[in-house]
Amino acid sequence: MGEEGTEGTVHLLCLATSSGVPLFCRSSRGGAPARQQLPFPVIGSLNGVHMFGQNLEVQLSSARTEDTTVVWKSFHDSITLIVLSSEEGTSELRLERLLQMVFGAMVLLVGLEELINISNIERLKKDLRATFRLIDSFLGDSELIGDLTHCVDCVVPPEGSLLQETLSGFAEAAGTAYVSLVVSGRVVAATESWWCLRTPEAVLLPWLVGSLPPQAARDYPVYLPHGSPTVPHRLLTLTLLPDLELCLLCGPCPPLSQLDPQLLERWWQPMLDPLRASLPLGPRALPSGFPLHTDILGLLLLHLELKRCLFTVEPSGDKDPSPEQRRCLLRSFYTLVTAVHFPPEPGQQEKVEDTAHHQTQVPRACYLVSGTEEPGTGWRLVALQLGPRRLLLLLSAQSPSHGLRSLATHTLHALTPLL
């Protein structure tokens, strides 16, 4: 299994379907934004072969060369997105979900009406610039994983019930049911209505907040790709502590001025200690001192029905491989087990065989061992699914292969109360 995201280039193309006019092109190399652009003849050829297939009623969705994977996807017969990746180990699943997130980001910040009824190409190009920061964060090496799993990145605060109670009270006082606390793009706590938001907006909103430059307060117009793609809402954000923001989703009311310092102080001044305790949870996700086996180098826990996940590569930060490599390994392993081994996730559109026919053969666990069985070489990956929860672990080379399933089962039972 290659390490997805290691040195390579990703090009993302957006074109108007009817005319083939490029609307934008974004690129990354080695996980960092790049200025490299594809030549126009190449863009025309990629779009032309897709249109040629459509004219023959053939749907061209993906193609592979020796070192590049290409995926095409059209939305509403109006926007065509094409992504090319030469990153090692890149899967079609990952690129398909990337394109879904990119279009969701376009709807979130521009609105569906402007994308499906294109009356002025140049104006649309200008409007789409507002999406570049968010889209570039999908192409780079992010510490989040919601772009791939389509689940909300969460953290588990040490005093979650207290924060939840305060958040609900503040939401009532502010006059909106949709409120959340976000640290570095991950949800710390949220009201029941916020948790009822559907994919992709449930993933995109905290990701957007985490991608924006620091600001004390914002009043940001957003569309909800699933819930309200043509009528904008307002996303209000208030910085309580560095990297910790209070987010409100609302209509015309309340005005930002109504959220005065006195209201914030009344609800959140007594909560300063729990809020400060939430700050380190960005990359760690789990409370300090949570018991994890010392062989665990990283984990991904998904609740497939709630569409939430916990993702961390920092249980043992002083060991090899590096955090960046750990993220790449877990992302690659997730695409492998999702595309090949485990049953399809609720709400996903990927093509699958008739699972009803194979229900008796649904796998519950799988593992991958790299290197030899000699201590100190390679790494171990194990995935386990029980009910709606799926756990992926990255383990050190010292972890014996025969004990992987037992360790994963014990870890999943320990994490179950958290998600």
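**Group meeting talk: charged pairs, strands and helices**

Let me begin with two residues of helix H11, aspartate 273 and arginine 276, which are 3 residues apart and are therefore separated by about one helical turn. Before I go on, please keep in mind that everything I describe comes from a predicted model. In that model, aspartate 273 and arginine 276 form a salt bridge, with their closest N and O atoms 3.5 Å apart. As for how covered the two partners are, aspartate 273 counts as exposed because its relative accessibility is 58%, while arginine 276, with a relative accessible area of 44%, is partly exposed.

How many salt bridges does a search of the whole structure find? The search finds 9 of them, and I would like to take you through two further examples. One of these joins arginine 331 to aspartate 147, and here the closest N and O atoms are 2.9 Å apart. This pair links distant parts of the chain, since arginine 331 sits in helix H13 (residues 323-341) and aspartate 147 in helix H6 (residues 146-149), with their positions 184 residues apart in the numbering. Arginine 331 counts as buried because its relative accessibility is 9%, and aspartate 147 is buried as well, its relative accessible area being 5%.

The other example is the salt bridge in which the side chains of arginine 218 and glutamate 245 meet, at 2.7 Å from N to O. Again distant parts of the chain are linked, with arginine 218 in strand E10 (residues 217-224) and glutamate 245 in strand E12, 27 residues apart. Both arginine 218 and glutamate 245 are buried.

Against that background, I would like you to look at aspartate 153, which lies in strand E7 (residues 152-153). Which side chain of opposite charge is nearest to this aspartate, and how far away is it? The nearest is arginine 186, at 5.3 Å, and aspartate 153 has no salt bridge although it is buried. A salt bridge here requires a nitrogen and a carboxyl oxygen within 4 Å. What the side chain of aspartate 153 does reach is the backbone nitrogen of glycine 146, at 2.8 Å. Among the residues that aspartate 153 touches, leaving aside those up to four places away in sequence, are Leu144, Ile145, Gly185, Val187, Trp207, Cys309 and Phe311.

Trp207 takes us to helix H9 (residues 201-211), a helix that is mostly covered, with 10 of its 11 residues buried. The buried residues of H9 include Trp207 itself, along with Leu204, Leu205, Leu208 and Val209.

Arginine 186, in turn, takes us to strand E9 (residues 186-190), which pairs with strand E8 in the antiparallel sense over 4 bridges. Within that pairing, arginine 186 is the bridge partner of valine 183. E8 and E9 form a hairpin with 2 residues between them, and serine 184 in the turn has a positive phi of about 50°. E8 also pairs with E12, antiparallel and over 6 bridges, and in E12 the partner of serine 180 is cysteine 247. Of the 6 residues of E8, 5 are buried, so this strand is largely enclosed by the rest of the structure.

E8 and E12 come up again when we turn to helix H10 (residues 261-268), where Leu263, Leu264 and Trp268 are buried. Seen down the axis of H10, these buried residues fall within an arc of 100°, so they line one face of the helix. They pack against helix H7 (160-174), strands E8, E11 and E12, and helix H11. On the other side of H10, by contrast, Pro261, Gln262 and Arg266 are exposed.

I will finish with strand E1 (residues 9-16), in which 8 of the 8 residues are buried. Which residues lie on each side of E1? On one side are Thr9, His11, Leu13 and Leu15, on the other Val10, Leu12, Cys14 and Ala16, and both faces are covered. E1 runs antiparallel to strand E2 (residues 22-29), to which 7 bridges join it, and in E2 the partner of leucine 15 is proline 22. These two strands form a hairpin with 5 residues between them, where glycine 20 in the turn has a positive phi of about 75°. E1 also pairs with strand E6 (residues 79-85), in the antiparallel sense and over 7 bridges, and there the partner of histidine 11 is leucine 84.

How values were computed. Residues are numbered from 1 along each chain as its sequence is written. This is a predicted model: local features need pLDDT of at least 70, side-chain atom pairs count only at pLDDT 80 or more; totals for chains, interfaces and linings use all residues. Side-chain values use heavy atoms; hydrogens and water are left out. Buried means under 20% relative accessible area, exposed over 50%, partly exposed in between (1.4 Å probe, protein chains only). The arc is that of the directions from the helix axis to the C-beta atoms. Contact means heavy atoms within 4.5 Å. Lys and Arg count as positive and Asp and Glu as negative; His and the chain ends are not counted. A polar contact is a pair of N or O atoms within 3.5 Å; within protein, one must be able to donate a hydrogen and the other to accept it, and residues adjacent in sequence count only if both atoms are side-chain atoms. Two strands pair if DSSP finds at least two bridges between them.
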